[in-house]
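Work through the exercises below with the structure open. Try each task before you read its solution.

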Amino acid sequence: MISRGRLFLYRLLFGLLLLALWELTSGRLIDPFWISSPSRVSVYLWQVISDGSIFGHLAITLYETFTGFFIGALAGISSGFVLARRETLAQILDPYIVAFNGIPRIALAPLFIIWFGIGPNSKVILVVIVVFFLTFFNTFSGVKGVDIELKNILRVMGASERQILFKVTIPSTIPWVTTGLKISVPYALVGAVVGEFIAASKGLGYLINYNTSLFSTTGALGGILVLALVVVLCNEVINRAEAYLLRWRPREEVRTERELF
Amino acid sequence: MAQLLTVEGISKEFNVRGKKVLALDSLALGMDHGEFVTVVGPSGCGKSTLLNLVVGLLPPSAGRIVFRGRAVNGINPEIGYVTQKDNLLPWRTLIENVELSLEIRGVEKSVRRRRAEELIDRVGLNGFEEHYPHELSGGMRQRANIIRTLIYDPELILMDEPFGPLDAQTRIVLQDQLLKLWSANRKTILFITHDLIEAITLADRVIVMTSRPGRVKHIAAVPIPRPRDVYQIHTSREFQEVYERLWRELRPEVIMTEV
Ligand SMILES: Nc1ncnc2c1ncn2[C@@H]1O[C@H](COP(=O)(O)OP(=O)(O)O)[C@@H](O)[C@H]1O
Ligand SMILES: [Mg+2]
């Protein structure tokens, strides 16, 4: 196992190597008009940071992402729990859930704009839908997969159904729920940005789209870089929360069911 | 005095993909208060099924189980069950697992802590209280599995091959510990094993089951005085005698299962 410090160092070196390659390619092999360059992007970022104009866009995108994330996660987790414990209801709803989940979210985005306007609401709702399904399916499989022997052991000890819910079902579902939440974060962000691409007057998606329409690859790549940074930061926060919540588990590969947007 | 447990001619039939499989066939046995009874039988003869029926996790297809003079109907929380798999809750530390049944009964935290620590000490698990199950060895997990059942003091304790997956040395150490725990408060134990030596070492009586469908084939009392030295017991003459007699009964059943 590589030490933490070294890992960080190598990661930094790899990033610098990529930037150096980009800088060297730009202007020598490819016209900067197409790919801009790290120095140009830095100047752009410095400018939008110092005049503060980036923060308004960032705030809107983060607002849409996290509001949608919390509502979607809450709805997804609770429906997952309820349906996993109501066999008949789950069977009735099954084809509808499959069908609804099959619709590409991007196809819904323009409709949501028509219904809920070009403001943040339409993006929030798009994010809610995205996060709902990811957390729903994970929670549902988690509750379904609870070890029946563990429940029986508690029954033999005289536990009530309520005690079994809190002492067995919920804790054994937590790894699934955290997996659902973890993979939801980047998708939530993508949902918000895609919504902004289609119609918006503010947000990182809007900024990238606006710059692209002016053929400013520098501005577009700058926006994308900010987006990437946000994803990395969120991921770090989630990894730490997960490591704490699941400290009782042996280390193993995380099961993730990736879903195409 | 009436027996603590009587199993009155129970049969159990399973439906396996449309086909009926008879696991137990009119099996009968009785247990007195404070008795240590072991059951041996070839694998698949219905030993685990028997315990599941006694504790009430499964209903019998015929016959009935009487515990303290009452017919068992549904799960009976007066019976403790040490399952074959340790079934510790993986998200609870060792001590939290041991305390679980008292927590369910609403026993105050400081009281249950003290009780748990006492038992953890008795089986030499001190120092591992805050470890999660995956950080413990198989032998440690099985000890935890046993003491978390002892802690709530059920009148009858069922044990399903609790030492089955352990290596020979660990088994003997745990047999010794189990006998000491048992002689300290003399609960009634019904203990399943596929190891005849283990069965004789521990028991007041050994029950031999037939191959499937499981029935009681033979019952032998073990006239070896207690306390017993589990490290030496198998060299004694009484042990050899009981062993030979039981092996004569068990051998054809095991061979029938092999072919
Ligand atoms: N839940 C079940 N459903 C179907 N068949 C079962 C079930 N439990 C046990 N059996 C069958 O009953 C027989 C006895 O099983 P078991 O009691 O586990 O045996 P043992 O513990 O003696 O090895 C086996 O043939 C097994 O396949
Ligand atoms: Mg078994």
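## Exercise 1: Two domains

In chain B, 14 residues of domain 1 are in contact with 14 residues of domain 2. The model is predicted.

**Task.** State which residues make up each domain of chain B, and find what distance separates the centres of domain 1 and domain 2.

**Solution.**
Step 1. Mark the bounds. Domain 1 of chain B covers 5-78 + 156-258, and domain 2 covers 85-153.
Step 2. Take the centres over C-alpha atoms. The centres of domain 1 and domain 2 of chain B are 25 Å apart.

## Exercise 2: The shell around ligand 1

**Task.** List the residues that surround ligand 1, sort them by class, and say which element gives the largest share.

**Solution.**
Step 1. List the shell. Ligand 1 is surrounded by Phe14(B), Val16(B), Ala23(B), Ser43(B), Gly44(B), Cys45(B), Gly46(B), Lys47(B), Ser48(B), Thr49(B) and Arg212(B).
Step 2. Sort by class. The shell around ligand 1 holds four nonpolar, five polar and two charged residues.
Step 3. Look for elements. In chain B, β1 (5-16) and α1 (47-55) each give at least two residues to the shell.
Step 4. Pick the largest share. That share is three residues, and it comes from α1(B).

## Exercise 3: Oxygen atoms of the ligand

**Task.** Give the distances from Gly46(B), Lys47(B) and Thr49(B) to an oxygen atom of ligand 1. Then state how much of ligand 1 the protein buries.

**Solution.**
Step 1. Start with the backbone. A backbone N or O atom of Gly46(B) sits 3.1 Å from an oxygen atom of ligand 1. For Lys47(B), a backbone N or O atom is 2.8 Å from an oxygen atom of ligand 1.
Step 2. Turn to the side chain. Thr49(B) places a polar side-chain atom 2.5 Å from an oxygen atom of ligand 1.
Step 3. Add the area. Ligand 1 taken alone exposes 560 Å², and the protein buries 63% of that.

## Exercise 4: Unusual backbone geometry

Keep one rule in mind. Most residues other than glycine have a negative phi, and most peptide bonds are trans.

**Task.** Locate the cis peptide bonds before Pro213(B) and Pro227(B). Then decide whether Arg17(B) is buried or exposed, and do the same for Glu161(B).

**Solution.**
Step 1. Check omega. The peptide bond from Arg212(B) to Pro213(B) is cis, with omega near 0 degrees. Arg226(B) and Pro227(B) are also joined by a cis peptide bond, with omega about -5 degrees.
Step 2. Place the prolines. Pro213(B) is in the loop between β9 (205-209) and β10 (216-221) of chain B. Pro227(B) is in the loop between β10 and α7 (237-258) of chain B.
Step 3. Check phi. Arg17(B) is not a glycine, yet its phi is positive, about 40 degrees. Glu161(B), a residue other than glycine, has a positive phi near 40 degrees.
Step 4. Place these two residues. Arg17(B) is in the loop between β1 and β2 (19-31) of chain B. Glu161(B) is in the loop between β7 (156-160) and α5 (168-185) of chain B.
Step 5. Apply the cut-offs. Buried means under 20% relative accessible area, and exposed means over 50%. Arg17(B) has 81%, so Arg17(B) is exposed. Glu161(B) has 10%, so Glu161(B) is buried.

## Exercise 5: A helix residue in chain A

**Task.** Find which helix holds Leu12(A), and what its relative accessible area is.

**Solution.**
Step 1. Find the helix. Leu12(A) lies in α1 (residues 4-25) of chain A.
Step 2. Read the area. Leu12(A) has a relative accessible area of 45%, so Leu12(A) is partly exposed.

Key
Residues are numbered from 1 along each chain as its sequence is written. Chains are lettered from A and ligands numbered from 1 in the order in which they are written. This is a predicted model: local features need pLDDT of at least 70, side-chain atom pairs count only at pLDDT 80 or more; totals for chains, interfaces and linings use all residues. Side-chain values use heavy atoms; hydrogens and water are left out. A residue is near a molecule or strand if one of its heavy atoms lies within 4 Å of it. A polar contact is a pair of N or O atoms within 3.5 Å; within protein, one must be able to donate a hydrogen and the other to accept it, and residues adjacent in sequence count only if both atoms are side-chain atoms. Accessible areas come from the Shrake-Rupley method with a 1.4 Å probe; for residues, only the protein chains shown count as cover. Helices (H or I, at least four residues) and strands (E, at least two) are DSSP runs, numbered from the N terminus. Ala, Val, Leu, Ile, Met, Phe, Trp, Tyr, Cys and Pro count as nonpolar, Asp, Glu, Lys and Arg as charged, and the others, Gly among them, as polar. Buried means under 20% relative accessible area, exposed over 50%, partly exposed in between (1.4 Å probe, protein chains only). Domain bounds come from an automatic or database domain assignment. Contact means heavy atoms within 4.5 Å.
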